[in-house]
Amino acid sequence: MFNNYIFRNNLIIYNLTILSISLLLSLLYVNNGSNVLVEASELSIFLPDEKPFGLTYQEWSADWWKWLLSSSIDSNPSTDRTGQYCNTNQNNPNVWFLAGTSGGYEERKCSIPEGMAILVSPIEVICTFAEYPELKNEEDLRNCAESDQDAVKDVKLTVDSISMNDLQNYRVASSLFNVTLPDNNILGVPPQTTEAISDGTFIMLKELPVGHHTIYASGMLVDVTTSSNLNFVSEVKYNIDIIPRK
């Protein structure tokens with residue numbers, strides 16, 4: 001009887017140990033090929049009402065566009081096929097910018113120093129007086145950007161196989177800002193400084209651990225009204241190595 005009691009208790013302890021290990025593994029995602037552990041309960045992200053490094057999401061969205069539009073089309077991160085331009089004009093000491101695509105799917109490799117937050121936009125639009133000279137004021141620019149993003153569907157962001165579920169809360173409309181366009185810019189207009197409004201989905205990830213990570217972002221804009229027939233998809237997968245600072 002006593003031996004049976006010991007056996008049953010040992011079996012219970014064994015089962016509880018296995019259960020504890022299973023629960024631990026269910027709470028952690030182990031990235032293949034590295035020792036990086038990412039919490040599966042939630043992504044580490046700056047919330048919409050926070051001010052990362054002293055700026056609002058609205059201000060960061062404008063800075064993201066200034067970064068993207070500062071490069072010509074032949075070396076622009078949005079037209080990049082491999083990730084070779086991932087480090088182009090990454091001059092902010094706290095935040096690394098990631099671009100979507102100019103249409104379609106791209107897979108890119110990118111190395112980012114440790115300790116950097118990452119600003120990524122699955123889909124977004126900018127309206128400028130340079131592109132649309134028929135627009136006359138800030139309200140016109142805002143309506144242009146808003147109507148574009150109202151047609152967006154299926155916005156997705158996944159970090160290390162963990163999907164973000166509340167992306168609708170991260171749609172950001174900027175204030176009016178100035179942007180300087182170089183020669184051969186991605187908007188296809190002459191070089192100039194112009195006023196702009198941005199509208200889109202922007203998420204700032206807090207720093208990721210040293211090691212390998214994947215970030216997948218996508219969005220689809222579909223407008224098949226009688227006045228428009230616009231179909232646009234941006235889909236990108238980043239294979240990212242967070243590297244130690246020397």
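Contact here means heavy atoms within 4.5 Å, and with that in hand we can take a friendly tour of this predicted model. The chain holds three helices and 14 strands, and 41% of its 246 residues count as buried. Among contacts between residues at least 6 apart in sequence, 68% join residues at least 24 apart.

**S71 and its surroundings**

- S71 sits in the loop between helix 2 and strand 3 (95-98).
- Not counting residues up to four places away in sequence, S71 touches N76, P77, T88, N89 and P182.
- One of these partners, N89, also meets S71 through a polar contact between the two side chains, at 3.2 Å.
- S71 counts as buried because its relative accessible area is 4%, and the cut-off for that class is under 20%.

**H212 and the stretch it meets**

- H212 belongs to strand 13 (residues 211-223).
- With a relative accessible area of 24%, H212 is partly exposed, since the buried class ends at 20%.
- The side chain of H212 makes a polar contact with the side chain of D241, at 3.1 Å.
- A polar atom of the H212 side chain also lies 3.3 Å from the backbone oxygen of I240.
- N239 is 27 residues away from H212 along the chain, yet their C-alpha atoms are separated by 7.3 Å.

**The nonpolar cores**

- The largest nonpolar core has 50 residues, and L98, L157, I203, I215 and Y238 touch the most other members.
- Helix 2 gives the most to this core, supplying eight residues.
- A second, separate core has seven residues, among them L135, L141, C144 and I197.
- For a closer look at one well-connected member of the largest core, take I203: leaving aside neighbours within four places in sequence, its contacts are I45, Y57, I118, L119, V120, P122, L157, M164, L167 and Y170.
- L157 therefore appears twice in this picture, as a contact of I203 and, like I203, among the core residues that touch the most other members, where contact is again heavy atoms within 4.5 Å.

**The largest pocket**

- The largest pocket encloses about 550 Å³ of space.
- Its lining is made up of 23 residues, and W65, T101, E124, V125 and F232 lie nearest the centre of the pocket.
- By class, the lining of this pocket has 14 nonpolar, six polar and three charged residues.
- Helix 2 (57-69), strand 6 (124-128), helix 3 (138-150) and strand 14 (230-243) each provide at least two lining residues.
- Strand 6 gives the most to the pocket lining, with four residues.
- Helix 2 thus has a place both in the pocket lining and in the largest nonpolar core, going by its DSSP run.

**The cavity**

- Searching the whole structure turns up one cavity of 30 Å³ or more.
- The largest cavity has a volume of about 30 Å³.
- W67, P77, D80, C86, F97, L98, A99, R108 and Y238 line the largest cavity.
- Sorted by class, that lining has seven nonpolar, no polar and two charged residues.
- Two of the cavity-lining residues, L98 and Y238, are also among the members of the largest nonpolar core that touch the most other members.
- P77 is another familiar name on the cavity wall, having already come up as a residue that S71 touches.

How values were computed
Residues are numbered from 1 along each chain as its sequence is written. This is a predicted model: local features need pLDDT of at least 70, side-chain atom pairs count only at pLDDT 80 or more; totals for chains, interfaces and linings use all residues. Side-chain values use heavy atoms; hydrogens and water are left out. On a 1 Å grid over the protein atoms alone, a cavity is a set of points where a 1.4 Å probe fits but cannot get out, and a pocket is an open set with protein on both sides within 12 Å along at least five of seven lines; lining residues have an atom within 4 Å of a point. Grid points are joined across faces, edges and corners, and a volume is the space filled by probe spheres set on the points. Ala, Val, Leu, Ile, Met, Phe, Trp, Tyr, Cys and Pro count as nonpolar, Asp, Glu, Lys and Arg as charged, and the others, Gly among them, as polar. Buried means under 20% relative accessible area, exposed over 50%, partly exposed in between (1.4 Å probe, protein chains only). A polar contact is a pair of N or O atoms within 3.5 Å; within protein, one must be able to donate a hydrogen and the other to accept it, and residues adjacent in sequence count only if both atoms are side-chain atoms. A nonpolar core is a set of buried Ala, Val, Leu, Ile, Met, Phe, Trp, Tyr and Cys residues joined through side-chain atoms within 4.5 Å.
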